[in-house]
Amino acid sequence: MIDYKQVAKDNAIQRQRTKEYRAELLKTAMAEGVGIVHIFNADTARGGLTIAFRACSPYPSGVMVDVAVSTCSEQDAFSRTIGTTNALEQFFGGMTVSLPLLKTYAKESITTAVKTAFTNLYYSV
């Protein structure tokens, strides 16, 4: 026989662990200068991308940015929480690629550059 009270208690414990894990990932990201951007269609709230990124090396013509991307299926509702967790896990797990950003973006606007680049890519496919 299923003990529904125990199942509910176990689920609550798991949700709390997941929340604490995500908070730790975000704390580490902040300490290491890792940014997060989300790209999704707000009208449908289906599908989308979450990108974890960090500038890794400057060049005279711009900067290289390490990125990790978490994708959400077009059949699923977009979740910033799940996307952030997945993208940060990939980033800290070394599953990144380095992409160039041109010098036309100031250092403080790398977030805008990453969001613009991935938004254009997301909607072009």
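Gly-35 has its bridge partner in strand 2: Phe-53. The model is predicted. Five bridges join strand 1 to strand 2, and the two run antiparallel.

**The sheet**

Four strands make up an open sheet. Their order is 1-2-3-4, with antiparallel pairing. Strand 1 and strand 4 stand at the edges. Each has a single partner strand, so one side of each is left without a neighbour in the sheet. On average, neighbouring strands are turned by 35 degrees against each other, direction ignored.

Helix 3 packs on this sheet. The helix touches strand 1, strand 2, strand 3 and strand 4. Its direction makes about 135 degrees with that of strand 2.

| Strand | Residues |
|---|---|
| Strand 1 | 35-39 |
| Strand 2 | 46-59 |
| Strand 3 | 62-77 |
| Strand 4 | 97-102 |

**The helix pair**

Two packed helices are described by the angle between their axes and the distance between the axes. Here helix 1 (residues 4-31) packs with helix 2 (residues 80-92). The angle is about 55 degrees, and the axes lie 10 Å apart. That makes helix 1 oblique to helix 2. The crossing of helix 1 and helix 2 is left-handed.

Which residues of helix 1 and helix 2 meet? Helix 1 brings Tyr-21, Arg-22, Leu-25, Leu-26, Thr-28 and Ala-29. Helix 2 brings Thr-81, Thr-84, Thr-85, Leu-88, Glu-89 and Phe-92. The residues of this contact divide into six nonpolar, four polar and two charged.

Notes:
Residues numbered from 1 in each chain as written. Predicted model: local features only at pLDDT ≥ 70, side-chain atom pairs only at ≥ 80, totals over all residues. Heavy atoms only, no water. Axes fitted to C-alpha atoms, helices over the stretch in contact; angles between N-to-C directions. Parallel < 35°, antiparallel > 145°, perpendicular 65-115°, else oblique. Left-handed = near helix turned anticlockwise from the far one by under 90°. Contact = heavy atoms within 4.5 Å. Nonpolar A, V, L, I, M, F, W, Y, C, P; charged D, E, K, R; others polar. Pairing = 2+ DSSP bridges.
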